[in-house]
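Let's take a walk through one corner of this structure, going from a single residue out to the helices around it. Keep the viewer open as you read.

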Amino acid sequence: LGIAFRIFSRRVVSESIYLGLSLLVIFLVMWIYTQSFFITSLGCLAIVFAMILAYFIYHVVFRVPFFGYLNLLSFIVVVGVGADDVFVYLDVWRHTKARRPDAPLAARIGETLKHAAL
């Protein structure tokens, strides 16, 4: 575990710039698409909380001491799925609002969640 962890740590630090750039690009694309810094920020916050929870389960519940290269790919998958969830929810919200503009807010939220939260 010692030498593998040292090699892994060096590689992660040296290549973390690519991860940071990809997260920045995803954030910017979400911001452009949603046209709302607030929605984009909350979407990214939900993604971060999902990763914290997954890391907690990985280390505390399953007691796995080493976080390998393939596990870092799960971070990219979670970011992609989380960003996609924001896009789907926003599209369903806009469609619901266009179809029923006079509906009360609670009804629109309920209909949006019924279709987007499958």
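Start at Thr34 and look at what it touches: beyond its neighbours within four places in sequence, Thr34 is in contact with Ile39, Thr40, Val86, Leu90 and Arg94. Keep in mind that this is a predicted model. Thr34 itself sits in helix α1. Is Thr34 buried or exposed? Its relative accessibility is 5%, and the cut-off for buried is under 20%, so Thr34 counts as buried.

One of those partners, Thr40, deserves a stop of its own. Thr40 belongs to helix α2, which covers residues 37–61. With a relative accessible area of 0%, Thr40 is buried as well, since anything under 20% qualifies.

So what does the side chain of Thr40 do for polar company? For a start, it makes a polar contact with the side chain of Thr34, at 2.9 Å. The side chain of Thr40 also reaches back to the backbone oxygen of Ser36, again at 2.9 Å. Then there's Trp31, whose backbone nitrogen lies 3.4 Å from a polar atom of the Thr40 side chain. If you count contacts of any kind and skip the neighbours within four places in sequence, Thr40 is in contact with Phe27, Met30, Trp31 and Thr34.

Now zoom out to the two helices. Helix packing is usually put in terms of the angle between the two axes and the distance between them. Here, the axes of α1 (residues 2–34) and α2 come within 8 Å and cross at roughly 140°. Angles over 145 degrees would count as roughly antiparallel, and 140° falls short of that, so α1 is oblique to α2. As for handedness, α1 passes α2 in a right-handed crossing.

Which residues meet where α1 and α2 touch? From α1 come Phe27, Met30, Trp31 and Thr34, and from α2 come Phe37, Ile39, Thr40, Ser41, Gly43 and Cys44. Sorted by type, the residues of this contact come out as 6 nonpolar, 4 polar and no charged.

Finally, to get a sense of scale, find His95. Thr40 and His95 are 55 residues apart in sequence, and their C-alpha atoms are 19 Å apart in space.

Definitions and conventions: Residues numbered from 1 in each chain as written. Predicted model: local features only at pLDDT ≥ 70, side-chain atom pairs only at ≥ 80, totals over all residues. Heavy atoms only, no water. Helix = DSSP H or I, 4+ residues; strand = E, 2+ residues; numbered from the N terminus. Buried < 20%, exposed > 50% of the residue type's maximum accessible area, 1.4 Å probe, protein only. Polar contact = N/O pair within 3.5 Å; in protein donor to acceptor, adjacent residues only side chain to side chain. Contact = heavy atoms within 4.5 Å. Axes fitted to C-alpha atoms, helices over the stretch in contact; angles between N-to-C directions. Parallel < 35°, antiparallel > 145°, perpendicular 65-115°, else oblique. Left-handed = near helix turned anticlockwise from the far one by under 90°. Nonpolar A, V, L, I, M, F, W, Y, C, P; charged D, E, K, R; others polar.
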